[in-house]
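Student: I am new to this structure and would like to learn how its features get their labels. Could we go through them together?
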Amino acid sequence: MLLVTSRESGRWVAPKGNIAAGHAPHAAAAREAEEEAGVVGAVCPVPLGSYRYRKRRGSGASLLIDVDVFPLAVTRELEEWKEMHQRQRRWFSLAEAAEAVDEPDLRELFRSFNPAEFRAAVRRSGRPGVPALANGKGWMFAWFQRLLPRTGNFFGMFEAHAATVLAGAEATARLFHGGAHAAEHVREIAEREHEADDITRDVLKTVRATFLTPFDRSAIAALIGALDDTVDEMHAAASAVSLYGVTDFPPEMRDMAAIVVDAARLTSEAMPLLRDVAKNAGRLHELTERLIRMEGQADEIHAAGLRRALSDHGEKDTLRFVIERELYKHLERITDAFEDVADEIDGIVIDHA
């Protein structure tokens, strides 16, 4: 497997790029392989599969990109090629290539490229942790394992959701800073909201399927619901900005968006501490106190912003006043949702510390 280094980070990646007008996807993949890795050969028009990764734009937005992967049988390595001074190229074994790349789905594609690894990948996609025993008793072990109590990976899912919320908050702050890249920021917020929904569904499914849970089931559902409300409200705010085509925001909106980022950062810090509530009760209480204070500050900024909007637009541009009032409402709801997160964390601390 031939990999090249990324121009930005220097990490190992598969050659890839955009599909030019008039090119079939597999032909575009072959062109990228020639330009980036200096190889030519026979490319299969049927993709092996696909993977998804985030690409950082110049605007600061981090957007999801879907990539189809086509196998190309190299027949010739060029001595000179377009990007030879911008990248390194290197041949890896399949196992080495899988370890070299960062994207989990691409790693699995590499591992499934030959029959033996394909079977291993199929086993990995099934129930984890059930070995195929040489004495033929693997099925009995699997049956017994299904009877054991399970605790679920709730902490990992909470932390993943909080990281998604933080990324959405940062995109929200970039959006309310204004500029020419609003559409990219709106798109990223929508993507983060979808990611958060997926995690929320996983948490709720795991709650139903798990025998032992680290907290009361209702507390788990309430906490993930409160977390999800924060990014839902970010999405609502971004949708309103997109609907009304607002590109210029008053300082009070930018300040509220900055509070959203800091609230998300504190929430992201709090989630790992839930793994040991008794030990971390003091720090968790400090974080929730700050979240609640920040919600109060946001309320004050909200009121000041409405006063400014009424003064600036109330008589001469009523439509603008109505739009700004709606945007302030969405920003306030984001901070209210973070206060709800703080309340849920406090409830868990009270019950378990």
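**Aromatic pairs, pockets and a helix**

Tutor: Gladly! A search of the whole structure finds four aromatic pairs. Keep in mind that this is a predicted model.

Student: What makes Trp 12 and Phe 92 an aromatic pair, and why is it called edge-to-face?

Tutor: Their ring centres are 5.1 Å apart, and the limit for a pair is within 6.5 Å. The planes stand at 75°, and over 60 degrees counts as edge-to-face, so the label fits.

Student: Why can this pair be said to tie together parts apart in sequence?

Tutor: Look at where each partner sits. Trp 12 belongs to strand E2 (residues 12–13), while Phe 92 is in the loop between strand E7 (89–91) and helix H2 (94–100). The parts joined by this pair are therefore 80 residues apart in sequence.

Student: How do you know whether Trp 12 and Phe 92 are buried or exposed?

Tutor: Buried means under 20% relative accessible area. Trp 12 has 17% and Phe 92 has 8%, so both count as buried.

Student: And why is the pair of Tyr 51 and Tyr 53 called tilted?

Tutor: Their centres are 6.2 Å apart, with the planes at 35°. Stacked needs under 30 degrees and edge-to-face over 60, so this pair falls into the tilted class. Both tyrosines also pass the test for buried, because Tyr 51 is at 3% relative accessibility and Tyr 53 at 13%, where the cut-off is under 20%.

Student: What makes Lys 16 count as lying over the face of Tyr 53?

Tutor: Lys 16 is 5.1 Å from the ring centre, and the distance limit is within 6 Å. Lys 16 is also one of the residues nearest the centre of the largest pocket, along with Ala 14, Pro 15, Gly 17 and Val 67.

Student: What is known about the volume and lining of that largest pocket?

Tutor: The volume of the largest pocket is about 1300 Å³, and 49 residues line it. Helix H1 (25–37) gives the most, with nine residues. Strands that each supply at least two include E3 (39–43) and E4 (49–56). By type, the lining has 29 nonpolar, five polar and 15 charged residues.

Student: How does the lining of the second largest pocket divide into nonpolar, polar and charged?

Tutor: That lining has three nonpolar, no polar and seven charged residues. Tyr 53 is one of the lining residues, as are Arg 52, Arg 54 and Glu 195. The volume of this pocket is about 340 Å³. E4 gives the most to its lining, with three residues.

Student: How do you know what span to expect for helix H8?

Tutor: Helix H8 (residues 217–244) has 28 residues, and at 1.5 Å a residue the expected span is 40 Å. From the first C-alpha to the last, H8 reaches 41 Å, which is close to that value. Right after H8 comes Gly 245, with a positive phi near 65°.

Student: Why is Ser 239, in helix H8, called partly exposed?

Tutor: Its relative accessibility is 34%. Buried would need under 20% and exposed over 50%, so Ser 239 counts as partly exposed. Ser 239 also lies 8.5 Å from Ala 190, C-alpha to C-alpha, although the two are 49 residues apart in sequence.

Terms used
Residues numbered from 1 in each chain as written. Predicted model: local features only at pLDDT ≥ 70, side-chain atom pairs only at ≥ 80, totals over all residues. Heavy atoms only, no water. Phe/Tyr/Trp six-rings, centres within 6.5 Å; stacked < 30°, edge-to-face > 60°. Helix = DSSP H or I, 4+ residues; strand = E, 2+ residues; numbered from the N terminus. Buried < 20%, exposed > 50% of the residue type's maximum accessible area, 1.4 Å probe, protein only. Lys NZ or Arg CZ within 6 Å of the ring centre and 35° of its normal. 1 Å grid on protein atoms, 1.4 Å probe; cavity = no way out; pocket = protein on both sides within 12 Å on 5 of 7 lines; lining within 4 Å. Points joined across faces, edges and corners; volume = space filled by probe spheres on them. Nonpolar A, V, L, I, M, F, W, Y, C, P; charged D, E, K, R; others polar. Expected span 1.5 Å × (residues − 1).
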